[in-house]
Amino acid sequence: MAIKQITVFVENKQGALVSITDILAQSNVNIRALSIAETNDFGILRLIVNDEATAEKKLSENGYLIKITEVVGVKIGDAPGKLTAALGVLDKAGINMEYLYAFMARTEKHAYVVLRVEDNEIAEAALENAGFHLITDADVNKL
Amino acid sequence: MEQKYFQKDIETMPVEELKKLQSEKLVKQVKHVYENVEYYRNLMDEKGVKPEDIKGIEDLHKLPFLTKADLRDAYPYGLLAKPLEECVRIQSTSGTTGRRVVAFYTQHDVDLWEECCARAIVAVGGTNKDVCQIAYGYGLFTGGPGLNGGSHRVGCLTLPMSSGNTERQIQFMTDLNATILCCTPSYAAYIGETLKEKGYKPEDIPLKAGIFGAEPWTEEMRRGIEQTLGIKAYDIYGLTETSGPGVSFECCEQTGMHINEDHFLAEIIDPDTGEVLPEGEKGELVFTSLDKEAFPLLRYRTRDICVLSRKKCSCGRTLIKMSKPMGRTDDMLIIRGVNVFPSQIETVLLNEGYQPNYQIIVDRVNNNDTFDINVEMNPEQFTDKVSEILSMEKSLADAMKTMLGINPKIHLVAPKSIVRSEGKAVRVIDKRKLV
């Protein structure tokens, strides 16, 4: 059920980020969502894209250090309180979260949240039981 | 037939005979230098030493030392002992320390240098059936030309690759079944990493031996290279000032490098007092060229710290052995008052599961030394969690602190992001301006 996230190591140098997005653009890869965690020395860029196989191939070919991680994608309503409801479910189930980021779809009246947790299956089960709709890589490609 | 020595009579000569040979050569060489090199003649005169005072190797200590500073002062022709008409070649150091050395060679000098390299190749099992891939830089750098000549002398099929273009190195290595690889240890490790990334297992790689030198490396690094490439890795030592690689070389025992003593007379001195130390004691290595015509340095201080040993070697060679240099009198860093050798940092990295690809950056901010080490991360260590990378940096810094006594700031960087020039990585950047 989980979706694939591409993580890229970004050196703390001018132009480092634009060279990555440029490679993706030239490979016709569309970014659906992204988040960056940064320290003084480096950044970690996490991406959800429409074609992770091409993105992985092109970035590796260009010498980038990358890692594919499975993360949970969940669809939530685009209204106040919806995120809280989803997070409440995880909290109640005792699931620790490493990080999360959200994105909106162009066409639908929905927001999506990407969750990085220790155990995807437990988190997915908890969210589904609470009536949330999880998204897959196929869904991401259609967004 | 398996060839064990390139020049058996010399390499296994009884020690007394060898010393007699050295004495004869030294007497002649001192005379040659005194007559032809004004710079050294002045040094001898200042010390009150005449050529006739040198009757054998027991008188060597009477001669003045030469240092890198002398080479700089005498640049370019001041130490030349032959007319330029008789010289056929120059080689030069990279000048990374800011002092470029230019060494001159007559055809005789080139021949003896190549002979030394041939001895090294035969010592690792090389014969005319071998394919010898030379991935040292060619050109002014002595690595490529020296091993190239040695490989010819042994009769190996020589692949004059020069350094860099790793894709092409791998293509020739696998297509032409290279059996011996000659390059810097850091480039050997890099080729190994690249082969591994491409899915090659050690048994798929045709190489059987490697001759690696021109920069310091540790036993841990040797084991790493041996495992990835599925080979025996041998050390070779030399410096442009004396000829180039092949001043000394390792045999099958892998317990130190046999010095080609018929050409290079070695001493160990106390770097502070200049006093000659007895065999087995650790100090600065000093070389006297016994045969070189064009650029014959007498008592040249290498700044390499090592130990000499004449313990009987199972390979049958009687040539004295030098340890791997344990550091240099000059690249030792003093950071916050603590002596730090880059080799210690390398040991910690290997112990902690990192490749020895690093760069030390020292600076002084508000009168305090800053000590940063950039370390290339292994691809398999990379994670999407910042906290994990920070904790890897922390635990590596702790391991460094245990070894060095001071705490560096560790920065993990992407693999292959530390610049390698001529296959030789720049290990230390000292930005301190201490006047």
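Student: How many helices and strands make up the secondary structure of chain A?

Tutor: Five helices and seven strands. Keep in mind that this is a predicted model.

Student: What pattern does chain A follow along the sequence?

Tutor: Reading along the sequence gives β-α-β-β-α-β-α-β-β-α-β-α.

Student: How much of chain A counts as buried?

Tutor: Chain A has 143 residues, and 28% of them count as buried. Contacts add to that picture. Take those in chain A between residues at least 6 apart in sequence: 68% join residues at least 24 apart.

Student: Now the helix packing. What describes two packed helices?

Tutor: The angle between their axes and the distance between the axes. Try helix α3 (residues 82-92) and helix α4 (residues 120-129), both of chain A. Their axes come within 9 Å and cross at roughly 125 degrees. Therefore α3(A) is oblique to α4(A).

Student: Is the crossing of α3(A) and α4(A) right-handed or left-handed?

Tutor: Right-handed.

Student: Which residues of α3(A) and α4(A) meet?

Tutor: From α3(A), A:Ala86, A:Val89 and A:Leu90. From α4(A), A:Ala123, A:Ala126 and A:Leu127. By class, this contact has six nonpolar residues, with no polar and no charged ones.

Student: Let us try chain B. At what angle do α9(B) and α10(B) pack?

Tutor: About 45 degrees, with the axes 9 Å apart. Helix α9 of chain B covers residues 219-229, and helix α10 of chain B covers residues 342-351. The two helices are therefore oblique to each other.

Student: Which residues make the contact between α9(B) and α10(B)?

Tutor: α9(B) offers B:Glu220, B:Met221 and B:Gly224. α10(B) offers B:Glu346, B:Thr347, B:Leu350 and B:Asn351. By class, the contact of α9(B) with α10(B) divides into two nonpolar, three polar and two charged residues.

Student: On to sheets. In what order do β10, β11 and β12 of chain B stand?

Tutor: The order is β10-β11-β12, in an open sheet of three strands with antiparallel pairing. β10 (264-269) and β12 (300-306) of chain B are the edge strands, each pairing on one side only. Neighbouring strands of this sheet are turned by 30 degrees against each other on average, direction ignored.

Student: How many bridges pair β10(B) with β11(B)?

Tutor: Six, in the antiparallel sense; β11(B) spans residues 283-289. To find the register, look for B:Glu267, which stands opposite B:Val286 in β11(B).

Student: Which four strands of chain B form the sheet with mixed pairing?

Tutor: An open sheet, ordered β19-β18-β17-β22. Its edge strands are β19 and β22 of chain B, and each pairs on one side only. Here neighbouring strands are turned by 20 degrees against each other on average, direction ignored.

Student: Do β17(B) and β18(B) run parallel or antiparallel?

Tutor: Antiparallel, joined by eight bridges. β17(B) holds residues 358-365 and β18(B) holds residues 368-376. B:Tyr358 has B:Val375 of β18(B) as its bridge partner. B:Val365 stands opposite B:Asn368 in β18(B).

Student: What lies between β17(B) and β18(B)?

Tutor: Two residues, as the strands form a hairpin. Check the turn: B:Asn366 has a positive phi of about 50 degrees.

Student: And β17(B) with β22(B): parallel or antiparallel?

Tutor: Parallel, over three bridges. β22(B) comprises residues 428-430. One pair to locate is B:Ile360 opposite B:Val428 in β22(B).

Student: Which strands does α10(B) lie across?

Tutor: β17, β18 and β22 of chain B, and α10(B) runs at about 125 degrees to β17(B). α11(B) also packs on the sheet, where α11(B) touches β18 and β19 of chain B. The direction of α11(B) makes about 135 degrees with that of β19(B).

Student: Last, the interface. How many residues of chain B are in contact with chain A?

Tutor: 14 residues of chain B, in contact with 15 residues of chain A. On the chain B side, α11 (386-404) and β19 (409-413) each supply at least two residues. By class, the chain B side has eight nonpolar, three polar and three charged residues.

How values were computed: Residues are numbered from 1 along each chain as its sequence is written. Chains are lettered from A and ligands numbered from 1 in the order in which they are written. This is a predicted model: local features need pLDDT of at least 70, side-chain atom pairs count only at pLDDT 80 or more; totals for chains, interfaces and linings use all residues. Axes are lines fitted to C-alpha atoms, for helices over the stretch in contact, and angles run from 0 to 180 degrees between N-to-C directions. Angles under 35 degrees count as roughly parallel, over 145 as roughly antiparallel, 65 to 115 as roughly perpendicular and the rest as oblique. A crossing is left-handed if the near helix is turned anticlockwise from the far one by less than a right angle, and right-handed if clockwise. Two residues are in contact if their C-beta atoms, placed from the backbone, lie within 7 Å. Ala, Val, Leu, Ile, Met, Phe, Trp, Tyr, Cys and Pro count as nonpolar, Asp, Glu, Lys and Arg as charged, and the others, Gly among them, as polar. A residue is buried if 20 or more other C-beta atoms lie within 10 Å of its own, exposed if 12 or fewer, and partly exposed in between; C-beta atoms are placed from the backbone. Two strands pair if DSSP finds at least two bridges between them.
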